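The following paragraphs lead through one protein model, moving from single positions to the overall fold, and then to charged pairs, the surface and a pocket. Please keep the structure in view while reading.

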Amino acid sequence: MTITRLARRSRVALAGLAAGLAVLTVTAPAAQADPGPKPAALPDFLLSGTGEGTLDILGAGWKGHKVRFAIEAKGFATESQGTFRVQHWYPDGKVFADFQGKIDCLNVGGDVAVVTGVIEKVSASPAEIEIPTGKRVGFTVDDEGKRDRLGWSWAVLGFEQEVPICMGTAPILPLSKGGYTVRD
């Protein structure tokens with residue numbers, strides 16, 4: 001056999017081999033892609049309860065003012081839902097403020113929960129303070145058993161500034177009645 005014939009046969013054989021591999025590649029079932037590990041389920045955080053206290057800690061101008069914070073929230077971060085209601089009375093028992101809204105974020109770490117929500121309804125507001133609907137407020141709860149503490153954003157920022165989602169303030173108010181359950 002001459003070298004030219006051998007080269008031609010080799011080329012034909014290689015072309016046939018390549019065509020066969022192409023057919024196998026096209027007709028062979030595709031390899032299953034490994035989906036990897038399943039994502040972990042999102043946490044199901046919980047903040048539930050009602051707490052009351054007096055605002056004496058804020059100074060003489062607030063001495064004897066009573067407040068109540070009712071918060072029911074569950075979920076994880078911005079996938080949370082629930083409600084809040086804030087009630088505030090003058091020392092003589094007259095209503096100072098009463099408003100409520102829907103939760104838009106809940107984050108929990110140990111016994112501390114930070115929750116934000118948007119005010120939807122204002123039933124009572126003092127003449128000197130406008131409590132705006134549509135404004136986000138934040139709460140922080142420290143579940144210390146029988147000595148829970150609570151913080152709220154407008155104690156620091158007032159209602160003028162929007163609270164960023166999932167942000168709260170230090171829990172400065174020791175509760176005198178009620179309490180919260182925080183679960184992470």
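A convenient place to enter this predicted model is Val 122, which is found in strand 5, the run of residues 112-124. With a relative accessible area of 27%, Val 122 is partly exposed, and its C-alpha lies 6.9 Å from that of Thr 133, although 11 residues separate Val 122 and Thr 133 in sequence.

From this position one can step back to the fold. The protein contains two helices and nine strands, and their order along the sequence reads α-β-β-β-β-β-β-β-α-β-β. Of its 184 residues, 34% count as buried.

Two residues deserve attention for their backbone geometry. Ala 77, placed in the loop between strand 2 and strand 3, has a phi near 50 degrees, which is a positive value in a residue other than glycine. Cys 166, in the loop between helix 2 and strand 8 (173-174), likewise is a residue other than glycine with a positive phi, here near 70 degrees. How far are these two residues covered, given that buried means under 20% relative accessible area? Ala 77 has a relative accessible area of 17% and is therefore buried, and Cys 166, at 18% relative accessibility, counts as buried too.

The charged side chains come next. Side chains of opposite charge can pair when their charged atoms come close, and a search of the whole structure finds six salt bridges. One of them joins the side chains of Arg 183 and Asp 44, with an N to O distance of 3.9 Å. Because Arg 183 belongs to strand 9 (residues 177-183) while Asp 44 sits in the loop between helix 1 (3-27) and strand 1, this pair ties together parts that are 139 residues apart in sequence. Both partners retain some accessibility: Arg 183 is partly exposed at a relative accessible area of 40%, and Asp 44 is partly exposed at 46%.

A further salt bridge is formed by Glu 52 and Arg 68, whose closest N and O atoms are 2.7 Å apart. Since Glu 52 lies in strand 1 and Arg 68 in strand 2, the pair ties together parts that are 16 residues apart in sequence. The two ends of this salt bridge fall into separate accessibility classes, for Glu 52 counts as buried at 18% relative accessibility, whereas Arg 68, with a relative accessible area of 25%, is partly exposed.

In the salt bridge between Arg 136 and Asp 104, the closest N and O atoms are 2.7 Å apart. This pair links distant parts of the chain, with Arg 136 in strand 6 (residues 136-142) and Asp 104 in strand 4, 32 residues apart. Are these partners buried or exposed? Arg 136 is buried, and so is Asp 104. The pairing also extends beyond two residues, in that Asp 104, Arg 136 and Glu 162 are linked in a network of salt bridges.

Turning from charged to nonpolar side chains, one finds a nonpolar patch on the surface made by Ile 57, Leu 58 and Ile 172, which together have about 230 Å² of accessible area. Leu 58 is placed in the loop between strand 1 (45-54) and strand 2. At 35% relative accessibility, Leu 58 counts as partly exposed, and this value satisfies the requirement that patch residues have over 30% relative accessible area.

The last feature is the largest pocket, in which lies about 320 Å³ of space. Its lining consists of 19 residues, of which Trp 62, Phe 96, Ile 129, Trp 154 and Phe 159 lie nearest the centre of the pocket. Which elements of the fold supply at least two residues each to this lining? They are strand 2 (66-75), strand 3 (81-89), strand 4 (95-109) and helix 2 (154-157), and strand 4 gives the most, contributing three residues. By residue class, the lining of the largest pocket divides into 15 nonpolar, two polar and two charged residues. Strand 4 thus appears in two parts of this account, since it holds Asp 104 of the pair with Arg 136 and also supplies residues to the lining of the largest pocket.

How values were computed. Residues are numbered from 1 along each chain as its sequence is written. This is a predicted model: local features need pLDDT of at least 70, side-chain atom pairs count only at pLDDT 80 or more; totals for chains, interfaces and linings use all residues. Side-chain values use heavy atoms; hydrogens and water are left out. On a 1 Å grid over the protein atoms alone, a cavity is a set of points where a 1.4 Å probe fits but cannot get out, and a pocket is an open set with protein on both sides within 12 Å along at least five of seven lines; lining residues have an atom within 4 Å of a point. Grid points are joined across faces, edges and corners, and a volume is the space filled by probe spheres set on the points. Helices (H or I, at least four residues) and strands (E, at least two) are DSSP runs, numbered from the N terminus. Ala, Val, Leu, Ile, Met, Phe, Trp, Tyr, Cys and Pro count as nonpolar, Asp, Glu, Lys and Arg as charged, and the others, Gly among them, as polar. Patches are made of residues with over 30% relative accessible area and no salt bridge: like charges are joined within 9 Å, nonpolar side chains (Val, Leu, Ile, Met, Phe, Trp, Tyr) within 5 Å. Accessible areas come from the Shrake-Rupley method with a 1.4 Å probe; for residues, only the protein chains shown count as cover. A salt bridge is a side-chain nitrogen of Lys or Arg within 4 Å of a carboxyl oxygen of Asp or Glu. Buried means under 20% relative accessible area, exposed over 50%, partly exposed in between (1.4 Å probe, protein chains only).
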